[in-house]
Amino acid sequence: MASQTTLPVPLAELVDQLAKLPGLGPKSALKVAMTLLEWPRPRADGLGEAILRLRERLCLCVHCASLSETPVCPVCADPTRNGEQLCLVAQWDAIMQMEETGLYAGRYLVLGGLLDPLEGVSPGQLRLDVLRAKLAEGAVTECILALGATLAAETTASHIKNLLEREFPAVRLTRLAQGIPLGAEVKYVDKETLSQSLRYRQDL
């Protein structure tokens, strides 16, 4: 005989999917699912349609791999951006933070994550081949690492440093100054701290 506390299948399926999102465990996922059940049908339908539009209308920029509504994002399409500077970020949302400072006028490359052996993230899973291709074009004279100050960020920085020293020794490698707190990620740093870190970046 089935337990009286067994979730109905549609609810259980939604909870299972929600629990896969960052920061949501089974209990939090159930709370979100129950909230959705309480919403009026039009509001719930609107959420579902917004999720579908998210996948249908967004793509990755062919140049920097940032999220964009067009094949080439506004930053890459801007001819006034400095092509000699290439800022490397782990994920696209860090670009928004960098742009808010108003201090950076170069270009970006989204690596797609950070090296983390414990999580199974290896160099082959990052866009290091894209980085090599961009540097091989010869226009970039400086790579700026905007990866944060986590252990995974340090591991990634070390790997990129070795890559540049080995294959592109003429390219200057800098990083955001250590005004960023240890353990922080770029996307969570306040605007003023990020501005100071960018302004006083250091050679690596």
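UniProt positions are given in the numbering used here, and annotations may be inferred rather than shown by experiment. The model itself is predicted.

**Exercise 1. The annotated regions**

Task: State which residues UniProt lists for "domain: Toprim", and describe the chain over that span.

Solution.
Step 1. The unreviewed UniProt entry lists residues 84-181 for "domain: Toprim".
Step 2. Over residues 84-181 the chain is 36% helix and 20% strand.
Step 3. The end C-alpha atoms of that span are 28 Å apart.
Step 4. Now take the other record. The unreviewed entry gives residues 61-76 as "zinc finger region: C4-type".
Step 5. Residues 61-76 are 19% helix and 12% strand, with end C-alpha atoms 8 Å apart.

**Exercise 2. The domain division**

Task: Find how the chain is divided into domains and how far apart the C-alpha centres lie.

Solution.
Step 1. Domain 1 covers 10-57, and domain 2 covers 81-200.
Step 2. The C-alpha centres of domain 1 and domain 2 are separated by 33 Å.

**Exercise 3. Salt bridges around Arg-172**

Task: Identify the side chains that meet Arg-172 in salt bridges, and place each pair along the chain.

Solution.
Step 1. Start with the principle. Side chains of opposite charge can pair when their charged atoms come close.
Step 2. Apply the cut-off: a side-chain nitrogen of Lys or Arg must be within 4 Å of a carboxyl oxygen of Asp or Glu.
Step 3. Glu-142 meets Arg-172 at 3.9 Å, N to O. This pair links distant parts of the chain: Glu-142 is in strand β5 (residues 142-146) and Arg-172 in strand β6 (residues 172-175), 30 residues apart.
Step 4. Asp-203 meets Arg-172 at 2.8 Å, N to O. Here too the pair links distant parts of the chain, with Arg-172 in strand β6 and Asp-203 in strand β7 (residues 202-203), 31 residues apart.
Step 5. Check exposure. Glu-142 is buried, at 6% relative accessible area. Arg-172 is partly exposed at 40%. Asp-203 is exposed at 54%.

**Exercise 4. Other salt bridges**

Task: Give the salt-bridge count for the whole structure, then examine the pair Asp-16 and Lys-20.

Solution.
Step 1. The search of the whole structure finds 12 salt bridges.
Step 2. One of them joins the side chains of Asp-16 and Lys-20 at 3.8 Å, N to O.
Step 3. Asp-16 is partly exposed, with 42% relative accessible area. Lys-20 counts as exposed at 58%.

**Exercise 5. Rings**

Task: Classify the aromatic pair of Tyr-104 and Tyr-108, then find what sits over the ring of Trp-39.

Solution.
Step 1. The count comes to 1 aromatic pair.
Step 2. The ring centres of Tyr-104 and Tyr-108 are 5.1 Å apart, and the planes stand at 65 degrees.
Step 3. Planes over 60 degrees apart count as edge-to-face. The Tyr-104 and Tyr-108 pair is therefore edge-to-face.
Step 4. Tyr-104 and Tyr-108 are both buried.
Step 5. Turn to Trp-39. The charged end of Arg-43 sits over its ring, 3.9 Å from the ring centre.

**Exercise 6. Backbone at Ala-65**

Task: Say what stands out in the phi of Ala-65, and locate the residue.

Solution.
Step 1. Most residues other than glycine have a negative phi.
Step 2. Ala-65 is not a glycine, yet its phi is positive, about 70 degrees.
Step 3. Ala-65 lies in the loop between β1 (59-60) and β2 (67-68).
Step 4. Its relative accessibility is 9%, so Ala-65 counts as buried.

**Exercise 7. Two helix residues**

Task: Decide whether Thr-156 is buried or exposed, and list its polar contacts. Do the exposure check for Leu-37 as well.

Solution.
Step 1. Thr-156 lies in helix α7 (residues 151-167).
Step 2. Buried means under 20% relative accessible area. Thr-156 has 1% and so counts as buried.
Step 3. A polar atom of the Thr-156 side chain lies 2.8 Å from the backbone nitrogen of Leu-115.
Step 4. The Thr-156 side chain also reaches the backbone oxygen of Ala-152, at 2.8 Å.
Step 5. Leu-37 lies in helix α2 (residues 26-38). At 59% relative accessibility, Leu-37 counts as exposed.
Step 6. Leu-37 and Leu-11 are 26 residues apart in sequence. In space their C-alpha atoms are 9.0 Å apart.

Methods:
Residues numbered from 1 in each chain as written. Predicted model: local features only at pLDDT ≥ 70, side-chain atom pairs only at ≥ 80, totals over all residues. Heavy atoms only, no water. Helix = DSSP H or I, 4+ residues; strand = E, 2+ residues; numbered from the N terminus. Buried < 20%, exposed > 50% of the residue type's maximum accessible area, 1.4 Å probe, protein only. Phe/Tyr/Trp six-rings, centres within 6.5 Å; stacked < 30°, edge-to-face > 60°. Lys NZ or Arg CZ within 6 Å of the ring centre and 35° of its normal. Domains from an automatic or database assignment. Polar contact = N/O pair within 3.5 Å; in protein donor to acceptor, adjacent residues only side chain to side chain.
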